[in-house]
Amino acid sequence: MTLRKCLISCRPFLLVLLVGFSFHSQAAVLSFDPSAQAVGLGANASVDLRISGLGDDILTAFDLDVTFDDSILGFQSFTFGTGLDALGLGTLNSATDLGGGVVNVFELSLDFDAVLMIHQPNDFVLGTFSFATLGLGTSALTTTVDTLVGQLVFVPGRGEVASELPAQAQSGSITVVPVPEPATLTLFGLGLLGLGAARWRKKRAA
């Protein structure tokens, strides 16, 4: 077992000893923001990965695979948010390009659950993806929750314990469009100038 999986698996085990077995039916929502966007070829595209609908629950860790069309987009970076780092102590995290249009993002909070219960919002950004645009077309963005380490920790006192993250994953998309040629823009600008000059002469003649 890897250190990462060991760290994750210890949290729910300890909570089970403290409060007993019970599971939660509420589903949080994973989504992309913006859900759809268009960018010019050669420009970078940024999109947030967001979680919402936590209610009284808190998120202590996530391990997600995000897929995209690698003929259209190229992964550049993933900047983690602060939702799992309430005290600024940092987190255990990684963003790994697995190739073939799959990026794995992992984060584990180092804050106590009681701290996250006070400071973690119901809706926050897990992190921000940056993609390079490689080709024309539309790339879907989809999220898969790792069933081993994607977890929510529920508020104590309700007989609820850590469980797999019951998340509804909403897909997004990025469309890469052609960038107008400089010559085309110049001709368009000259055309507008010509129209303006013609109007001015007409007004002056009247």
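This passage describes the fold, confidence, aromatic contacts, salt bridges and a surface patch of a predicted model.

The protein chain has 206 residues, of which 39% count as buried. Its secondary structure comprises three helices and 13 strands. Contacts reach far along the sequence. Among those between residues at least 6 apart, 79% join residues at least 24 apart. The chain exposes about 11,000 Å². Carbon and sulfur atoms supply 60% of that area.

Confidence varies along the chain. The mean pLDDT is 77, and 64% of the residues reach 70 or more. Strand β5 has the highest confidence, at 98. Helix α1 (residues 3-19) has the lowest, with a mean of 43. Over residues 11-25 the pLDDT is below 50. The model nevertheless gives this stretch 26 contacts beyond near neighbours in sequence. A further stretch, residues 147-165, also stays under 50. For residues 147-165 the model has 67 contacts beyond four places in sequence. Where pLDDT is low, predicted coordinates should not be read in detail.

Seven aromatic pairs are present in the structure. One of them joins Phe78 and Phe129, with ring centres 4.5 Å apart. The planes of these two rings meet at 55 degrees, so the pair is tilted. An angle over 60 degrees would be needed for an edge-to-face pair, and one under 30 for a stacked pair. Phe78 belongs to strand β5 (residues 73-80) and Phe129 to strand β8 (residues 124-133). The two residues are 51 apart in sequence, and their pairing links distant parts of the chain. Both partners are covered. Phe78 has 9% relative accessibility and counts as buried. Phe129 is likewise buried, at 1%. Phe78 and Phe129 also belong to one aromatic cluster. The other members of this cluster are Phe62, Phe68, Phe75, Phe80 and Phe131.

The count of salt bridges comes to two. In one, the side chains of Asp33 and Arg50 meet at 3.7 Å, N to O. Asp33 is in strand β1 (residues 28-33), whereas Arg50 is in strand β3. These residues are 17 apart in sequence, and the bridge links distant parts of the chain. In the other, Arg50 meets Asp123 at 2.7 Å, N to O. Asp123 lies in the loop between α2 (113-119) and β8, so its bridge to Arg50 in β3 ties together parts that are 73 residues apart in sequence. Asp33, Arg50 and Asp123 are thus linked in a network of salt bridges. Each member is partly exposed. The relative accessible area is 35% for Asp33. For Arg50 the value is 21%. The cut-off for buried is under 20%, so Arg50 falls in the partly exposed class. Asp123 has 36% relative accessibility and is also partly exposed.

A nonpolar patch lies on the surface. Leu41, Leu136 and Val179 make this patch, which covers about 250 Å². Leu41 sits in the loop between β2 (36-40) and β3 (44-52). At 36% relative accessibility, Leu41 counts as partly exposed.

Conventions:
Residues are numbered from 1 along each chain as its sequence is written. This is a predicted model: local features need pLDDT of at least 70, side-chain atom pairs count only at pLDDT 80 or more; totals for chains, interfaces and linings use all residues. Side-chain values use heavy atoms; hydrogens and water are left out. Rings of Phe, Tyr and Trp (its six-membered ring) pair if their centres lie within 6.5 Å; planes under 30 degrees apart count as stacked, over 60 as edge-to-face and the rest as tilted. Helices (H or I, at least four residues) and strands (E, at least two) are DSSP runs, numbered from the N terminus. Buried means under 20% relative accessible area, exposed over 50%, partly exposed in between (1.4 Å probe, protein chains only). pLDDT is the predictor's confidence in each residue, from 0 to 100. Contact means heavy atoms within 4.5 Å. Patches are made of residues with over 30% relative accessible area and no salt bridge: like charges are joined within 9 Å, nonpolar side chains (Val, Leu, Ile, Met, Phe, Trp, Tyr) within 5 Å. Accessible areas come from the Shrake-Rupley method with a 1.4 Å probe; for residues, only the protein chains shown count as cover. A salt bridge is a side-chain nitrogen of Lys or Arg within 4 Å of a carboxyl oxygen of Asp or Glu.
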